[in-house]
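Biologist: Could you take me through this one? I would like to hear the reasoning behind each label.

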Amino acid sequence: YEIRPRDWSSDVCSSDLMSVIVASSEIDELIAFCDKVVVMRDRYKVAELRGQQISEQAIMEAATRRGA
């Protein structure tokens with residue numbers, strides 16, 4: 001089942017107790033809708049970004065960094 005960003009409403013996501021896992025290669029969607037972004041590469045977690053840390057640059061740097 002796919003939830004598109006335009007389908008999200010404040011009624012659905014208003015609780016602090018609710019979590020939604022989003023897997024996306026669309027960085028704009030991640031920035032707009034996520035409080036926390038975990039970047040994975042080759043099955044390994046390479047970065048965990050929260051709040052103001054979440055940016056296109058930070059996500060791309062984590063995704064392309066070598067030796068992590």
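**Charges and labels**

Modeller: Gladly! Let me start with Arg50, which is partly exposed, with a relative accessible area of 47%. Keep in mind that this is a predicted model.

Biologist: Why is Arg50 called partly exposed?

Modeller: Its relative accessible area is 47%. Buried means under 20% and exposed means over 50%, with partly exposed in between, so Arg50 at 47% falls in the middle class.

Biologist: What makes the contact of Arg50 with Glu48 a salt bridge?

Modeller: The closest N and O atoms of Arg50 and Glu48 are 3.1 Å apart. The cut-off is within 4 Å, so the pair qualifies.

Biologist: And how do you know that Glu48 forms a salt bridge with Lys36?

Modeller: By the same kind of check: their closest N and O atoms are 3.7 Å apart, and the limit is 4 Å. This pair links distant parts of the chain, with Glu48 in strand 2 (residues 44-50) and Lys36 in strand 1 (residues 36-41), 12 residues apart.

Biologist: Which lysine pairs with Glu48 at 2.7 Å?

Modeller: That is Lys45, again with the distance taken between the closest N and O atoms. The structure holds three salt bridges, and Lys36, Lys45, Glu48 and Arg50 are linked in a network of them.

Biologist: Why is Lys45 called exposed, while Lys36 is called partly exposed?

Modeller: Lys45 has a relative accessible area of 52%, and exposed means over 50%, so Lys45 passes. Lys36 has 40%, which puts it in the class between 20% and 50%. Glu48, at 31%, is partly exposed too.

Biologist: Let's turn to the negative patch. Which residues form it?

Modeller: Glu26, Asp28, Glu29 and Glu56 make up that surface patch. Glu56 is found in helix 2 (residues 56-64).

Biologist: What makes Glu56 accessible enough for a patch?

Modeller: Glu56 has 48% relative accessibility, and patch residues need over 30%, so Glu56 meets that condition. The value also lies below the 50% that exposed requires, so Glu56 counts as partly exposed.

Biologist: How do the helices and strands follow one another along the sequence?

Modeller: The pattern is α-β-β-α, from two helices and two strands.

Biologist: And how much of the protein counts as buried?

Modeller: Of its 68 residues, 19% do. The accessible surface comes to about 5,900 Å², with 47% of it belonging to carbon and sulfur atoms.

Notes: Residues are numbered from 1 along each chain as its sequence is written. This is a predicted model: local features need pLDDT of at least 70, side-chain atom pairs count only at pLDDT 80 or more; totals for chains, interfaces and linings use all residues. Side-chain values use heavy atoms; hydrogens and water are left out. Patches are made of residues with over 30% relative accessible area and no salt bridge: like charges are joined within 9 Å, nonpolar side chains (Val, Leu, Ile, Met, Phe, Trp, Tyr) within 5 Å. Accessible areas come from the Shrake-Rupley method with a 1.4 Å probe; for residues, only the protein chains shown count as cover. A salt bridge is a side-chain nitrogen of Lys or Arg within 4 Å of a carboxyl oxygen of Asp or Glu. Lys and Arg count as positive and Asp and Glu as negative; His and the chain ends are not counted. The place of a charge is taken as NZ of Lys, CZ of Arg, CG of Asp or CD of Glu. Helices (H or I, at least four residues) and strands (E, at least two) are DSSP runs, numbered from the N terminus. Buried means under 20% relative accessible area, exposed over 50%, partly exposed in between (1.4 Å probe, protein chains only).
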